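Student: I'd like to go through this structure and check the reasoning behind the labels people put on it. Can we take them one by one?

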Amino acid sequence: MLLYNSLTRKKEEFIPREAGNVSMYTCGPTVYHFAHIGNLRTYAMEDVLEKYLRYLGNDVKRVMNITDVGHLSSDGDTGEDKMLKGARREHKTVLEIAKFYTDAFFADCERLNIKKPDVIEPATACIDEFIAMIKTLLEKGYAYEAGGNVYFDTSKLSKYYVFGDFTEEDLEVGVRDTVEEDKSKRNKADFVLWFTKSKFDDQELKWNSPWGVGYPGWHIECSCIASKHLGEYLDIHCGGIDNAFPHHTNEIAQSEATFGHEWCKYWFHVHHLNTNSGKMSKSKGEFLTVSLLMERGYDPLIYRFFCMQSHYRKNLVFSWENLDNAKTAYEKLVARVAALKPAGEKIDAAAFAEGKRRFTDALDNDLNTSLAVTALYDVFKLDTSDDTKIALIRDFERVLDLGLIEAAEKIKNQEKSDAPDVDPELLAYINEKIEARRAAKKEKNFALADAIREELLAKGITLVDTREGTKFTIA
């Protein structure tokens, strides 16, 4: 399997440190508001990656953090404390806000068939681990105290900007209006590990530490939660592309300074979901949620399908027109699945292998879900039995998880309830003739197919061929 590694900026064969076992860390949400569908694109693509790694026979242990404390807009103690912002907005405590939006996040994930991680750890449960790592960084000379806070000293690293050719000028104060100078820093790129002095004097969650009563910086939580559950080495770390700098850059800095060796070999970053006005963001006030899509009549799995039609390393443009196109395509796909008629035949091993090869070729090439969806459509073109086609679709759904089989069953059940009230013996006769006609057409024996149609018509039974299969009416 080839994956694009953001760290080396090239496709590489994915080889876990221990064959058959993958340690995977995914950055979780800051639970101060509902996740928007841009956030959820990242989690959906991470879900496909995890399920494909399992599909290939790996045992995957995936860990996710929940940011339920702090998380400022930048590392200079600037912007708004997001958890405080949510608490003030809804007149609740920070912990009440965290609980409500954590539950809401996983409810949205369930609607999108996103598997829960094996380990979910809130930041507030790991204060001792944060303090221990910060102590180690101070002892090794990678951190310093200043102005009541503890900072990581980026000047001690041989290379800090690991994800791109950034320079110190990229962080010049005043380049962006949101940047405020932190005069306690030795270097512009330094970041806070622990706050005891902050402009947020009313911070609700604080803990005792060797440096005074305070709370952790944002970046320290992921390093500690990952190492707590996965050890000092990670196979793959995932997240949105906007986290590559500074969040993931800082995670690497503090983790490798602590452990003294390479921390994570592969980095998987999902690109943005944009609207016509730019990147989707909660800070803009209005943003799209799964609940809003449902209110507008869209099955959440249509959004999952929409995401899969594009490569994860391409920005995806959302519009209602684009989602409508995905909805139409999804519903037609479900109808084609529903039209398959299993007959209890033995699975065609050669056809199954060919269909599966096309699917794995797509996902082995940097998780190309767009081509994997094409491979799904190609199943219907295979010269093989419907039983084999259904088996292939079930197999692909272990990864894509689009709910196709379940949705097709609903259509079939609805058709049964809408079917004319026909004597069971007559219904069996009609279905037998429809199947015989289908087989005749497949063998290009059109004379026999026409004869079957005429035989039924003589009995007052009219056949109607549709994209969803052959229907009938009785005069």
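What follows is a conversation about how some labels on this predicted model are justified.

Student: Let's start with the helices. Why are α10 and α11 called roughly antiparallel?

Tutor: Helix α10 (residues 349-364) and helix α11 (residues 369-378) pack at an angle of about 175°. Angles over 145 degrees count as roughly antiparallel, so α10 and α11 earn that label. Their axes are 8 Å apart.

Student: Which residues meet where α10 packs on α11?

Tutor: On the α10 side you have Arg-358, Phe-359, Ala-362 and Leu-363, and they meet Thr-369, Leu-371, Ala-372, Ala-375 and Asp-378 in α11. By class, that contact has six nonpolar, one polar and two charged residues.

Student: On to the cysteines. How do you know that Cys-126 is not bonded to Cys-224?

Tutor: A disulfide needs the two sulfur atoms within 2.5 Å. The sulfur of Cys-126 is 7.6 Å from the closest cysteine sulfur, the one in Cys-224, so that is too far for a bond. Cys-264 is in no disulfide either, with the nearest cysteine sulfur, that of Cys-238, 8.3 Å away. The count by this rule is zero disulfides.

Student: And what makes Cys-126 and Cys-264 buried?

Tutor: Buried means under 20% relative accessible area. Cys-126 has 0%, so it is buried, and Cys-264, at 2%, counts as buried too.

Student: How do the side chains of β1 show alternation?

Tutor: Along strand β1 (residues 2-5), Leu-3 and Asn-5 point to one face and are buried, while Leu-2 and Tyr-4 point to the other and are not.

Student: What makes β1 and β2 a pair?

Tutor: Pairing takes at least two bridges, and four bridges join β1 to strand β2 (residues 10-13). The two run antiparallel, and Leu-2 stands opposite Glu-13 in β2. They form a hairpin with four residues between them, and Arg-9 in the turn has a positive phi of about 60°.

Student: Why are β5 and β11 said to stand at the edges of their sheet?

Tutor: The open sheet has five strands in the order β5-β4-β3-β10-β11, with parallel pairing. β5 (119-122) and β11 (264-270) each have a single partner strand, so one side of each is left without a neighbour in the sheet. For β5, four bridges join it to strand β4 (residues 59-66), and Val-119 in β5 is the bridge partner of Val-63. Helix α6 (residues 244-259) packs on this sheet, touching β10 (234-240) and β11.

How values were computed:
Residues numbered from 1 in each chain as written. Predicted model: local features only at pLDDT ≥ 70, side-chain atom pairs only at ≥ 80, totals over all residues. Heavy atoms only, no water. Axes fitted to C-alpha atoms, helices over the stretch in contact; angles between N-to-C directions. Parallel < 35°, antiparallel > 145°, perpendicular 65-115°, else oblique. Contact = heavy atoms within 4.5 Å. Nonpolar A, V, L, I, M, F, W, Y, C, P; charged D, E, K, R; others polar. Buried < 20%, exposed > 50% of the residue type's maximum accessible area, 1.4 Å probe, protein only.
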